[in-house]
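The following exercises concern strand pairing, a salt bridge, a pocket and a surface patch. Each task is followed by a solution in steps.

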Amino acid sequence: MFGEAALVSAVPRTATVRAVGALTVLSVARDDFLAAMAGSDASAETVRAQVQLAAAIRHHPLFQGLGRRARRRLMEAAQLLDSPIGEQVLTQGEQGTDLYIVRHGRFVVERQGQQVASLSAGDWFGELALLGQQVRTASVRAEEHGQLVRLPKSAVDEALVQDVAAARLLHELAAERIAALLRAEAA
């Protein structure tokens, strides 16, 4: 799926898509989509949120190897959250069970009051709590207004069982993140 943002918002295209082989494409015009939506019980905001969730999960490197059914289950468990400037999303030392993906905005990662990283669209955090670390190893706060996708541990675990490559990637990146935190503390 591509071009989904144009169905719910009148926005200019942000990329060009070219076929590298023969394919069949189903195209839905925005006016037709909006007319179909007018006849349904779903609000435009609900549809927009679902399209945004689907895009965030589908395009994220951790979940690209998932099949349609597994991705759909993950999307059903996901929540789209707005984070105003200054909002504390996570606090170091608290219990943690969710993975977060940054849809847009900028977030600051702090450990023991010191900034150790900055996160933006496509980055994720909270994975250490999914991998056996029961408490948050850092705090995360919105440096500017942003939007996050929150995925509960149970849904992520189910998805990673389906995709061994994604599970390995998550573990490798978590190990790199732990090493970076330790280096930042030593400095």
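**Exercise 1.** Determine how many bridges join β1 to strand β8, and place the two strands in their sheet.

*Solution.* The model under study is predicted. Begin with the pair itself: β1 and strand β8 (residues 146-152) run antiparallel and are joined by 5 bridges. One facing pair in this ladder is S83, which stands opposite G146 in β8. Next, extend the view to the whole sheet: it is open, has 4 strands with antiparallel pairing, and follows the order β1-β8-β3-β6. Finally, identify the edges: β1 (79-83) and β6 each pair on one side only and are therefore the edge strands.

**Exercise 2.** Identify the residues that face β7 from strands β2 and β4.

*Solution.* Take β2 (residues 88-90) beforehand: with β7 (residues 139-142) it pairs in the antiparallel sense over 2 bridges. Within this pairing, Q88 stands opposite R141 in β7. Then take β4 (residues 107-111), which runs antiparallel to β7 and is joined to it by 4 bridges. Here E110 is the residue opposite S139 in β7.

**Exercise 3.** Explain why the salt bridge between E143 and R106 ties together separate parts of the sequence.

*Solution.* A search of the whole structure yields 5 salt bridges. In the one formed by E143 and R106, the closest N and O atoms are 2.7 Å apart, to be compared with the cut-off of 4 Å. Now locate the partners: E143 lies in the loop between β7 and β8, and R106 in the loop between β3 (98-104) and β4, so the pair ties together parts that are 37 residues apart in sequence.

**Exercise 4.** Describe the second largest pocket by its volume and its lining.

*Solution.* The volume of the second largest pocket is about 400 Å³. Its lining consists of 23 residues, with V109, W124, E127, R177 and L181 lying nearest the centre. Elements giving two or more residues to this lining are β5 (114-119), β6 (124-125), α5 (127-130) and α7 (164-186). The largest share, 6 residues, comes from α7. Sorted by class, the lining has 16 nonpolar, 2 polar and 5 charged residues.

**Exercise 5.** State which residues make the nonpolar surface patch of about 410 Å², and locate V25.

*Solution.* The patch is made by F2, V17, L23 and V25. Of these residues, V25 can be placed in the loop between α1 (5-8) and α2 (30-38).

Key:
Residues are numbered from 1 along each chain as its sequence is written. This is a predicted model: local features need pLDDT of at least 70, side-chain atom pairs count only at pLDDT 80 or more; totals for chains, interfaces and linings use all residues. Side-chain values use heavy atoms; hydrogens and water are left out. Patches are made of residues with over 30% relative accessible area and no salt bridge: like charges are joined within 9 Å, nonpolar side chains (Val, Leu, Ile, Met, Phe, Trp, Tyr) within 5 Å. Accessible areas come from the Shrake-Rupley method with a 1.4 Å probe; for residues, only the protein chains shown count as cover. A salt bridge is a side-chain nitrogen of Lys or Arg within 4 Å of a carboxyl oxygen of Asp or Glu. On a 1 Å grid over the protein atoms alone, a cavity is a set of points where a 1.4 Å probe fits but cannot get out, and a pocket is an open set with protein on both sides within 12 Å along at least five of seven lines; lining residues have an atom within 4 Å of a point. Grid points are joined across faces, edges and corners, and a volume is the space filled by probe spheres set on the points. Ala, Val, Leu, Ile, Met, Phe, Trp, Tyr, Cys and Pro count as nonpolar, Asp, Glu, Lys and Arg as charged, and the others, Gly among them, as polar.
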